[in-house]
Amino acid sequence: MADQERDGRDWRGARGTRGAHEGAAEGPGARGGGAPDEVARAWDELVATARRTVADGLVVGTSGNVSVRVGDTVLVTPTGVPYDRLAPGDVVGVDLAGRQVLGSLRPTSELPMHLAVYDATDARAVVHTHAVHATAVSTLVRELPLIHYMAAALGGQVLVAPYATYGTQELAENVLRALEGRTGCLLQNHGTLTHGSSLSQAYDRTAQLEWMCRVWLAASSVPGTAPTLLSREQVAEVGERLRGYGQPG
């Protein structure tokens, strides 16, 4: 959900733990979150990634959110703060139960969704956007038709998580079901979520998902025709080929 507004409720972690607590640590590296330099570098990359989602038109204002895991700490964009205003001292971090351990700014309202992904997968980074074409597709179908073989990069056919109110445990659980065996999904009437082993990989998957949605919408808009789709077997074959894609090491 857009983090432009908060309704005053306590935010909760993926297991329903109360997130805000008194005496939250204010410096990078506090309470077992990794070396201060590692946290500082990760925060800089997180802010750059969040700003990129705006520059590339994947979010508007402070909608969407980004997180990265450093040890047992999850760094996450704060709620309601424009990304171009975030500075190195604005680092926000929570532990895996959702308790704030770094910073004084409140974390994103979508924290339960991020923590659920870290709890259920080996993700090291999560990107959530309100990308236009992907959001449009989420209102039309229950799964993105196999319009392009790069669906394989996300684990196969992309599913749509059923709608639930932003920031709720229900939405987090819906997302986990849609992500099973995959690294990206659509959120009905809401947006996208992808995860990866790094912020750059999670972001690239988000951009790829938005591109595929745009292609499908464009192909589907031609009157009197229907786009040719790939089979699951064809996409699975590409998935095997992608295992050896790129440079060694």
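This report describes the overall make-up of a predicted protein model and two of its helix pairs.

## Overall make-up

In this predicted model, the secondary structure of the protein consists of six helices and eight strands. Read from the N terminus, the elements follow the order α-β-β-β-β-α-β-α-β-α-β-β-α-α.

The protein has 249 residues, of which 49% are buried, and it exposes about 11,800 Å², with carbon and sulfur atoms supplying 49% of that area. Among the contacts in the protein with a separation of 6 or more, 69% are accounted for by residues 24 or more positions apart.

## Helices H2 and H4

Helix H2, which spans residues 111-120, packs with helix H4, residues 169-179, at an angle of about 40 degrees, and the axes of the two helices lie 8 Å apart. That angle makes H2 oblique to H4, and the crossing of the pair is right-handed. On the H2 side, the residues that meet H4 are Pro-112, Met-113, Ala-116, Val-117 and Ala-120, while H4 contributes Gln-169, Leu-171, Ala-172, Val-175, Leu-176 and Leu-179. Sorted by class, this contact of H2 with H4 holds ten nonpolar residues and one polar residue, with no charged residues.

H2 itself is mostly covered, since eight of its ten residues are buried. The buried residues of H2 are Leu-111, Pro-112, Met-113, His-114, Leu-115, Ala-116, Val-117 and Tyr-118. Pro-112, Met-113, Ala-116 and Val-117 are thus listed both as buried and as residues that meet H4.

## Helices H1 and H5

The second pair is formed by helix H1, residues 36-55, and helix H5, residues 199-220, whose axes come within 10 Å and cross at roughly 15 degrees. Angles under 35 degrees count as roughly parallel, and H1 and H5 are therefore roughly parallel to each other. In passing H5, H1 makes a right-handed crossing.

From H1, the contact draws on Ala-42, Glu-45, Leu-46, Thr-49, Arg-52 and Thr-53, and these residues are matched on the H5 side by Leu-199, Ser-200, Tyr-203 and Asp-204. By class, the residues in the contact of H1 with H5 divide into four nonpolar, three polar and three charged.

## The two contacts side by side

Set next to each other, the two contacts can be described by residue class: the contact of H2 with H4 includes no charged residues, whereas three charged residues take part in the contact of H1 with H5. As for handedness, the crossing of H2 and H4 is right-handed, and the crossing of H1 and H5 is right-handed as well.

Notes
Residues numbered from 1 in each chain as written. Predicted model: local features only at pLDDT ≥ 70, side-chain atom pairs only at ≥ 80, totals over all residues. Heavy atoms only, no water. Helix = DSSP H or I, 4+ residues; strand = E, 2+ residues; numbered from the N terminus. Buried < 20%, exposed > 50% of the residue type's maximum accessible area, 1.4 Å probe, protein only. Contact = heavy atoms within 4.5 Å. Areas by Shrake-Rupley, 256 points an atom, 1.4 Å probe, with all protein chains shown as cover. Axes fitted to C-alpha atoms, helices over the stretch in contact; angles between N-to-C directions. Parallel < 35°, antiparallel > 145°, perpendicular 65-115°, else oblique. Left-handed = near helix turned anticlockwise from the far one by under 90°. Nonpolar A, V, L, I, M, F, W, Y, C, P; charged D, E, K, R; others polar.
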